[in-house]
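This report describes a protein chain and the ligand placed with it. The sequence and the structure are shown first.

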Amino acid sequence: MAFENFLSDEQQSWRDTCNRFIDREITREYIRKCDMERTYYYEAYEKIAAQGWLGLMIPEDQGGIGGDAMDWVIFFEAMGKYSNDFSAATLGVSMYTAQALLHFGRADQVAQYIDAYLKAKVRFCIAISEPQAGSDAAAIRTRAKKDGEDYLVTGLKQWCSGSSAKGAIIAMLVRTDPESTRRSGLTVLLVPNDLPNLELRKLNTLARRGTGTNQIFLDEVRVPSANRLGVEGQGWEIITSHLELERLSIAASMMGCAQQAVTDALQYAHTREQFGQTIFNFQVLKHMLADMQTKVDAARLLVYRAAGMHQAGQPCGREVSMAKLFASETLQEVTRNGVQIMGGHGMLPEADMERYFREGMQATVGGGSSQIMRTIIAQSMKKK
Ligand SMILES: Cc1cc2nc3c(=O)[nH]c(=O)nc-3n(C[C@H](O)[C@H](O)[C@H](O)COP(=O)(O)OP(=O)(O)OC[C@H]3O[C@@H](n4cnc5c(N)ncnc54)[C@H](O)[C@@H]3O)c2cc1C
């Protein structure tokens, strides 16, 4: 593949390092096992921490390695090759929430959490969605009422990926001003997942099986005011502050997974024989594979373009949305074709394609659905 030509020697070397690492140190078999058994990727997360890569975008003077947006997408592309869940949900969510904490946290919060995060002693997840607030995130109702030096939090968070993992700190969007509506009066609290009166109920989802996702029931959960991130009313600003990095990590992970789906389908097509020849010889399958690779290359170009703009400090909300939209729909399309090319074999867990396919179905819903991405893109196309 000639795509490497777009990268500098240093970026290419980072890409090779990440790809070697996922293949040798983490392995597709491990990812498959976590998905099948619905167990969290603890060992892999700790290996990533041991490399220092949880600090990819954390400045060096804070103990990180001070990477940039291109380093970011190269990392997620590689980590996503066997599972968008592992890459975007386990690693990505924790990593960009740490960015928000660095940006909005007080010095004592940074001291309390960042080193522990870099050593994988704590990890972050995000709880925004509620039963009545999905795409319309500003419709949240979970209420945090002041009680002395604490908040009492009551409500229901409908989905929170990674919240049952040990050491999980939930960045929770709550409504602190009862008179407020929509985006005002919202606040982010850092809520450890083991507080009294907080109950997690695991959901049996089609995808995101390794990271796991939970409903969170909160009944007057006592959270110290010291756990507030930023000031009261700053919640919306905080949760949207790293939206571009978030969507870049998701798009890169999906594109990496889509590439692996094409690679696996191609390999299968070259080995499986029917009617006395490999199935790759059938032109209809060749064309399917050609279309699949073309789409993945286009997704990669969109992801790298958006990352390049982010790195250059240019406004890139539209380009990030295009990258997320196209990468997620590409993952869905190439995995559906991948299952078709593999026939019955494609439906077995050991073929991996069925996992990529399930994750593709989730890809166009989470992190801003395809419909919402199209709306954002269309808004940028209004008559000047
Ligand atoms: C496995 C999984 C893990 C998740 N993890 C988390 C998590 O960790 N933290 C968290 O906060 N949330 C999480 N979510 C929630 C996720 O962010 C929401 O599913 C997503 O925001 C969509 O909301 P919804 O599912 O309620 O769908 P809805 O918003 O009800 O949408 C239903 C359909 O209507 C469409 N639609 C909605 N509004 C519009 C519009 N304005 N224009 C056009 N079409 C529209 C949507 O695109 C979709 O097709 C998770 C979800 C899943 C499935």
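The account below goes from the whole chain to its domains, then to the ligand shell and to one pair of helices.

The model is predicted, and its protein chain holds 12 helices and 10 strands. Along the principal axes, the C-alpha atoms fill a box of roughly 80 × 45 × 40 Å. The radius of gyration of the protein chain is 21 Å, which agrees with the value near 21 Å that a compact globule of 384 residues would have.

The chain is divided into domain 1 (2-121), domain 2 (124-233) and domain 3 (239-379). The centres of domain 2 and domain 3, taken over C-alpha atoms, are separated by 31 Å, and 7 residues of domain 2 are in contact with 7 residues of domain 3. On the side of domain 2 that touches domain 3, the residues by class are 5 nonpolar, 1 polar and 1 charged.

Domain 2 and domain 3 also each give at least three residues to the shell around the ligand. Of the 21 residues around the ligand, those that come nearest are G134, S135, W159, S369 and Q371, while the elements that contribute two or more residues to this shell are strand 1 (123-127), strand 3 (150-161) and helix 12 (370-379).

Turning to the helix pair, helix 8 (residues 243-271) packs with helix 11 (residues 353-363) at an angle of about 145°, the axes lying 10 Å apart, and the crossing of helix 8 and helix 11 is left-handed. On the side of helix 8 the contact is made by M254, C257, A261 and D264, and on the side of helix 11 by M353, Y356, E359 and A363.

The class composition of the three sets of residues is set out here.

| Set of residues | Nonpolar | Polar | Charged |
|---|---|---|---|
| Shell around the ligand | 9 residues | 11 residues | 1 residue |
| Contact of helix 8 with helix 11 | 6 residues | no residues | 2 residues |
| Side of domain 2 that touches domain 3 | 5 residues | 1 residue | 1 residue |

Definitions and conventions:
Residues numbered from 1 in each chain as written. Predicted model: local features only at pLDDT ≥ 70, side-chain atom pairs only at ≥ 80, totals over all residues. Near = placed C-beta within 6 Å. Helix = DSSP H or I, 4+ residues; strand = E, 2+ residues; numbered from the N terminus. Nonpolar A, V, L, I, M, F, W, Y, C, P; charged D, E, K, R; others polar. Domains from an automatic or database assignment. Axes fitted to C-alpha atoms, helices over the stretch in contact; angles between N-to-C directions. Left-handed = near helix turned anticlockwise from the far one by under 90°. Contact = placed C-beta atoms within 7 Å. Rg over C-alpha atoms; globule rule 2.2 N^0.38 Å.
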